[in-house]
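Here are a few friendly notes to read alongside the coordinates. I have grouped them by element, and the pocket comes early.

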Amino acid sequence: MTEYDGGPVGRVRSALVRSGVGDTVRTFPAGVPTAAAAAEALECDIAAITNSLIFDLNGEPLLILASGAARVDTKLVAEQLGEGRIRRASPDFVLKHTGQHVGGVAPVGHPEKIRTLLDESLQKHNLLWAGAGDHNSMLSITYKELQRITEAKELPVR
């Protein structure tokens, strides 16, 4: 069995365990394809939901881990990075680079490391929830653990 057996959720679980966080994945049969649906199922503030958003930055994937309570300001992020224009990625681009479908993308468990940015506003929450590889799964994690395991650059994204 390779580390990528078990589908997208299995890869996320493996990445969490390897990183020392442990398997914090929860599955919801009714699905949690949006931040609002996840917040309702988890009975938490939508701002504690961490959207894993893939963007196209000069043909390369850029993962922005952003609060479910607000939209990412791609112009602001591009200005801070000083590296060109950030475009929303197509579903095929997302799947190619993450092995996960839009709406279920996790911060980890991708075929290769993806450059990652972390929304600083998320640090005000004791516990964050993020997609875990499909539309039915979420993982729980602290801000510090999320930053550590993704090696994300922290910055305002809105």
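1. A definition to start with: a pocket is an open set of grid points with protein on both sides within 12 Å along at least five of seven lines, and its lining residues have an atom within 4 Å of a point. Please also keep in mind that this is a predicted model.

2. Which elements each supply at least two residues of the lining of the largest pocket? They are helix H2 (35-42), strand E2, strand E6 (128-131) and strand E7 (137-141). Of these, E2 gives the most, with six residues.

3. The volume of this largest pocket comes to about 330 Å³. Its lining counts 23 residues, and nearest the centre lie Asn 51, Ser 52, Leu 53, Gly 103 and Gly 104. For anyone thinking about chemical character, the lining splits into 13 nonpolar, eight polar and two charged residues.

4. Next, the strands that contribute to that lining. E2 and E6 run parallel and are joined by two bridges; Ile 49 has Trp 129 in E6 as its bridge partner. E6 in turn is joined to E7 by four bridges, and here the two strands run antiparallel. Within this pairing, Ala 130 stands opposite Leu 139 in E7.

5. The hairpin of E6 and E7 has five residues between the strands, and Gly 133 takes a positive phi near 115° there. A second glycine to look at is Gly 99, just after helix H4, with a positive phi of about 75°.

6. Helix H4 itself covers residues 91-98, and its buried residues are Phe 93, Val 94, His 97 and Thr 98. Why do they line one face of the helix? Seen down the axis of H4, these buried residues fall within an arc of 105°, so one face is what they line. On the other side of H4, Pro 91, Asp 92 and Lys 96 are exposed.

7. What do the buried residues of H4 pack against? Their partners are two strands, E2 (49-57) and E3 (60-67). E2 thus appears again, having already been named as the element that gives the most to the lining of the largest pocket.

8. Strand E5 (residues 115-119) deserves a point of its own. Four of its five residues are buried, so E5 is largely enclosed by the rest of the structure. E5 is joined to E3 by four bridges, with the strands running parallel, and the bridge partner of Ile 64 in E5 is Leu 117. E5 also pairs with strand E8 (residues 153-155), in the parallel sense and over three bridges; there Leu 118 has Glu 154 in E8 as its bridge partner.

9. Lastly, Glu 120, which has its place in the loop between E5 and E6. Is Glu 120 buried or partly exposed? Its relative accessible area is 32%; since buried means under 20% and exposed over 50%, Glu 120 is partly exposed.

10. Glu 120 also has contacts from elsewhere in the chain. Leaving out residues up to four places away in sequence, Glu 120 touches Tyr 143, Glu 154, Leu 155 and Pro 156. Of these, Glu 154 was met above as the bridge partner of Leu 118. The C-alpha atoms of Glu 120 and Ala 66 are separated by 8.4 Å, although the two residues are 54 residues apart along the chain.

Definitions and conventions
Residues are numbered from 1 along each chain as its sequence is written. This is a predicted model: local features need pLDDT of at least 70, side-chain atom pairs count only at pLDDT 80 or more; totals for chains, interfaces and linings use all residues. Side-chain values use heavy atoms; hydrogens and water are left out. Buried means under 20% relative accessible area, exposed over 50%, partly exposed in between (1.4 Å probe, protein chains only). The arc is that of the directions from the helix axis to the C-beta atoms. Contact means heavy atoms within 4.5 Å. On a 1 Å grid over the protein atoms alone, a cavity is a set of points where a 1.4 Å probe fits but cannot get out, and a pocket is an open set with protein on both sides within 12 Å along at least five of seven lines; lining residues have an atom within 4 Å of a point. Grid points are joined across faces, edges and corners, and a volume is the space filled by probe spheres set on the points. Ala, Val, Leu, Ile, Met, Phe, Trp, Tyr, Cys and Pro count as nonpolar, Asp, Glu, Lys and Arg as charged, and the others, Gly among them, as polar. Two strands pair if DSSP finds at least two bridges between them.
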